[in-house]
Amino acid sequence: MSDNKYMGLTRGGTPWEPSFVSDVDGAKCIGCGRCYKVCPRDVFDLVEREVDEDDDMYDDYEDDVMMVMTVSNADDCIGCSACAAVCPKDCHTHTPASALA
Ligand code: SF4
Ligand code: SF4
């Protein structure tokens, strides 16, 4: 039995390690909302990000502001990694449960 309080089991009894979201890379995020929709918890929020001339996104945003996802409530994450699975830009960073033991 693991002494890591975050470790879990699958229904079949196989040990399963959650991996908790710790960050969203706002420089890569396109604000598509996929991670927000798939997340079963209250972890994410959309926030404004300024876009300047050096930014890859500059030509797509005439008003110099775009919406990007951010982690607003990390403590509610259950570590399912669904957000990372659906993100088209590989924006999420996760911390495995074993790193929190
Ligand atoms: S790992 Fe799961 S619970 Fe945590 S933010 Fe991603 S989708 Fe939500
Ligand atoms: S799925 Fe990825 S690109 Fe889309 S809003 Fe979430 S972090 Fe941004």
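**Ligand shells, core and selected residues of the predicted model**

Cys 35 is buried, as its relative accessibility is 9%. This value, like the others reported here, was computed from a predicted model. Cys 35 also belongs to the surroundings of ligand 2, where it is listed among the closest residues together with Cys 29, Cys 32, Gly 33 and Cys 87. In total, 13 residues surround ligand 2. Their division by class gives nine nonpolar residues, three polar residues and one charged residue.

Ligand 1 is surrounded by 14 residues, of which the closest are Cys 39, Cys 77, Cys 80, Ser 81 and Cys 83. The shell around ligand 1 consists of 10 nonpolar, three polar and one charged residues. Cysteines thus appear in the lists of closest residues for ligand 1 and for ligand 2. A search for disulfides across the whole structure returned zero.

Two of the residues closest to ligand 1 were examined further. Cys 80 has a relative accessible area of 35% and is therefore classed as partly exposed. Ser 81 falls in the same class, partly exposed, at 27%. Ser 81 is placed in the loop between S5 and helix H2, the latter spanning residues 82-86. The phi angle of Ser 81 is near 70°, which is a positive value in a residue other than glycine.

A positive phi was also found at Asp 90, which is not a glycine and has a value of about 55°. Asp 90 lies in the loop between H2 and S6. With a relative accessibility of 58%, Asp 90 is counted as exposed, because the cut-off for that class is over 50%.

The largest nonpolar core contains 17 residues. Those touching the most other members are Val 21, Val 24, Cys 29, Val 43, Phe 44 and Met 69. Two or more residues of this core are contributed by strand S3 (19-24) and by strand S5 (65-71). Cys 29 is thus listed both among these core residues and among the residues closest to ligand 2.

For Val 24, contacts were listed without residues up to four places away in sequence. They comprise Cys 29, Phe 44, Met 69, Thr 70, Val 71, Cys 91 and His 92. Among these partners, Cys 29, Phe 44 and Met 69 are also named as core residues with the most contacts to other members.

His 92 is located in strand S6, which covers residues 92-96. The relative accessible area of His 92 is 11%, so this residue is buried. Apart from neighbours within four places in sequence, His 92 is in contact with Val 21, Asp 23, Val 24, Cys 35, Phe 44, Cys 83, Ala 84 and Cys 87. Among these contacts, Cys 35 and Cys 87 are listed with the residues closest to ligand 2, and Cys 83 with those closest to ligand 1. Although 69 residues separate His 92 from Asp 23 in sequence, their C-alpha atoms are 5.8 Å apart.

Val 38 is part of helix H1, residues 34-38. Val 38 is partly exposed, as its relative accessible area is 33%. When neighbours within four places in sequence are set aside, the contacts of Val 38 are Ala 82, Cys 83 and Val 86. Between Val 38 and Thr 95, which are 57 residues apart in sequence, the C-alpha to C-alpha distance is 19 Å.

Polar contacts were examined for two buried residues, Arg 49 and Asn 4. Arg 49 is in strand S4, residues 44-50. The relative accessibility of Arg 49 is 16%, and this residue is counted as buried because the cut-off for that class is under 20%. The backbone oxygen of Gly 26 is reached by the side chain of Arg 49 at 2.8 Å.

Asn 4 occupies the segment before strand S1 (8-9). Asn 4 is buried, with a relative accessibility of 7%. The side chain of Asn 4 makes a contact of 2.9 Å with the backbone nitrogen of Tyr 6. A polar atom of the Asn 4 side chain also lies 2.8 Å from the backbone oxygen of Ala 97. With residues up to four places away in sequence left out, Asn 4 touches Ala 97, Ser 98 and Ala 101.

Note on methods. Residues numbered from 1 in each chain as written. Chains lettered and ligands numbered in written order. Predicted model: local features only at pLDDT ≥ 70, side-chain atom pairs only at ≥ 80, totals over all residues. Heavy atoms only, no water. Near = heavy atom within 4 Å. Nonpolar A, V, L, I, M, F, W, Y, C, P; charged D, E, K, R; others polar. Helix = DSSP H or I, 4+ residues; strand = E, 2+ residues; numbered from the N terminus. Buried < 20%, exposed > 50% of the residue type's maximum accessible area, 1.4 Å probe, protein only. Polar contact = N/O pair within 3.5 Å; in protein donor to acceptor, adjacent residues only side chain to side chain. Disulfide = S-S within 2.5 Å. Core = buried A, V, L, I, M, F, W, Y, C linked by side-chain atoms within 4.5 Å. Contact = heavy atoms within 4.5 Å.
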